[in-house]
Amino acid sequence: MQTVLSGIRSTGHLHLGNYFGALRNFVRIQDDYNCYYFIADLHSLTTHPHPDDFHANVRTILAEYLAAGLDPEKVTIFVQSDVPEVSELYVLLNMISYKGELERTTTFKDKVRLAKAKARNVRLEDVAEDDHNDEGINISAGLLTYPVLMAADILIHRADFVPVGKDQEQHLEYARVLARRFNNMYGEEVFTEPRAFNFGSGLIKVPGLDGSGKMGKSEGNGIYLYDDEKTITKKVMKALTDSGPVEPNSPMPECIENLFTLMALVSEPSTVEYFKEKWNDCSIRYGDLKKQLAADICKVTLPIRERIDAIYNDDAYLHKVVSEGRDKARTSASATLALARKAMGFKVF
Ligand code: ADP
Ligand code: TRP
């Protein structure tokens, strides 16, 4: 059986982007692959969570994983920091990672630019792409080497496939680079080159409903699995729209296309078709579209939501899931780490 691995950072509740970009796929393939799914608590440290929230955040993702249908009888579910072998491999991989290539990572560049804009109290567009002035900002080395830790997560279980959203494509490519580089440098096939898992449909980007860009925690535009019906409806009804099409078959502005993108994920194809026709003949009423969209989102998320609290509060169950997961993950991780150490020349005295 081939191996699938993925993780989500523990930085708050999961939103529809996480669900459709990642978690739904995790669940769909759990019968067909040897799956490892984890909670990336070490990665969440790049944003310095308060120690009081740290554990609760891990627990939240764990409960939402299980509520969405991940079955610990079928897959290995674990917490990243419970597997110290990952941190050791991270040290080893850092030695073959180059500062220049890490600095060119899009997510890193974006975060640095954002930090500069904030520190200087200017708009993002006012910070030049090639601005090298780091004065007044403190970018952690952990942020720079974020893709190295992610590569360690993946390579340590010799994963064949990694289901992630489009925003993680470049990080995944870096894991491939490091696997290849390590194998070439040490002349052994220690690591497997992982591939994206995209179900033949390409990687998904779930848009936000505020006009442009993706849905994300840091974007502040999330519709969460944990939101109740009222909250979801309110968020959808507030979605940005324009004044409506004036000519038949006009191209859609981004804000309207985003509503349709979301609708394609949650509604029946005939519903999407119905509203597309209304767009094309200019009779569309955005209020109706939004009401339908909210109802269809609820159909997907409310059954998951119903299960979250009970799981979150079940200490004994959660303890059992993560401790069994940790043991399985450590067994797999230590076997790969031993191969990497041997290839590099470490020996036991
Ligand atoms: P966020 O971007 O909200 O902080 P994470 O970075 O923790 O979320 O992402 C966890 C997983 O969810 C990743 O696989 C990521 O690709 C996916 N994901 C997050 N946002 C989206 C989105 N808007 N569309 C598709 N996938 C997404
Ligand atoms: N970087 C991923 C994100 O922000 C989370 C993550 C960490 C991950 N390690 C991973 C995803 C390994 C897949 C495989 O969403």
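The paragraphs below go through two paired strands, two ligand sites and three single residues of a predicted model.

The strands come first. Strand S1 covers residues 3-9 and strand S2 covers residues 34-40. The two run parallel and are joined by 7 bridges. Within this pairing, Leu5 of the one strand stands opposite Tyr36 in S2, and Gly7 has Phe38 in S2 as its bridge partner. Both strands have much of their length covered. In S1, 5 of the 7 residues are buried, so the strand counts as mostly covered. In S2, 6 of the 7 residues are buried, so S2 is largely enclosed by the rest of the structure. Buried here stands for a relative accessible area under 20%. In a regular strand the side chains alternate between the two faces of the sheet.

Strand S1 also takes part in the surroundings of ligand 1. Around this ligand there are 18 residues, of which Arg9, His15, Gly165, Asp167 and Val206 come nearest. Three polar contacts can be followed in the model. The side chain of Arg9 places an N or O atom 2.8 Å from an oxygen atom of ligand 1. His15 has a polar side-chain atom 2.6 Å from an oxygen atom of the ligand. At Val206 the backbone takes this role, with an N or O atom 2.8 Å from a nitrogen atom of ligand 1. On its own, ligand 1 has 540 Å² of accessible area, and the protein covers 95% of it. The elements that give two or more residues to the shell are S1 and helix H1 (16-28). Helix H1 gives the most, with 4 residues. By class, the shell around ligand 1 holds 6 nonpolar, 7 polar and 5 charged residues.

Ligand 2 brings both strands back into view. The residues around ligand 2 number 14, and those that come nearest are His43, Tyr146, Met150, Asp153 and Gln168. Three of the polar contacts here go to nitrogen atoms of the ligand, each from a side chain. For Tyr146, an N or O atom of the side chain is 2.8 Å from a nitrogen atom of ligand 2. For Asp153, the distance from a polar side-chain atom to a nitrogen atom of the ligand is 2.7 Å. For Gln168, the corresponding distance is 3.0 Å. The accessible area of ligand 2 on its own is 370 Å², of which the protein covers 91%. Strand S1, strand S2 and helix H8 (146-155) are the elements that give two or more residues to this shell. The shell divides into 8 nonpolar, 4 polar and 2 charged residues.

Two of the residues nearest to ligand 2, Tyr146 and Met150, also touch His171. His171 is found in helix H9, which spans residues 169-186. Is His171 buried or exposed? His171 counts as buried because its relative accessibility is 4%, under the 20% limit. Leaving out residues up to four places away in sequence, His171 touches Thr105, Thr107, Tyr146, Pro147 and Met150.

Tyr98 offers a contrasting setting. Tyr98 sits in the loop between helix H4 (84-94) and helix H5 (99-103). With a relative accessible area of 43%, Tyr98 is partly exposed, because this class lies between the limits of 20% and 50%. When residues up to four places away in sequence are not counted, Tyr98 touches Tyr174 and Arg181. The C-alpha atoms of Tyr98 and Thr145 lie 9.6 Å apart in space, while the two residues are 47 residues apart in sequence.

The last stop is Val272, in helix H12 (residues 269-280). Val272 has a relative accessibility of 8% and therefore counts as buried. Which residues is Val272 in contact with, once its neighbours within four places in sequence are left aside? They are Phe260, Met263, Ala264 and Ser267. For Phe260, the separation from Val272 is 12 residues in sequence and 7.1 Å in space, taken from C-alpha to C-alpha.

Methods. Residues numbered from 1 in each chain as written. Chains lettered and ligands numbered in written order. Predicted model: local features only at pLDDT ≥ 70, side-chain atom pairs only at ≥ 80, totals over all residues. Heavy atoms only, no water. Buried < 20%, exposed > 50% of the residue type's maximum accessible area, 1.4 Å probe, protein only. Contact = heavy atoms within 4.5 Å. Near = heavy atom within 4 Å. Polar contact = N/O pair within 3.5 Å; in protein donor to acceptor, adjacent residues only side chain to side chain. Areas by Shrake-Rupley, 256 points an atom, 1.4 Å probe, with all protein chains shown as cover. Nonpolar A, V, L, I, M, F, W, Y, C, P; charged D, E, K, R; others polar. Pairing = 2+ DSSP bridges.
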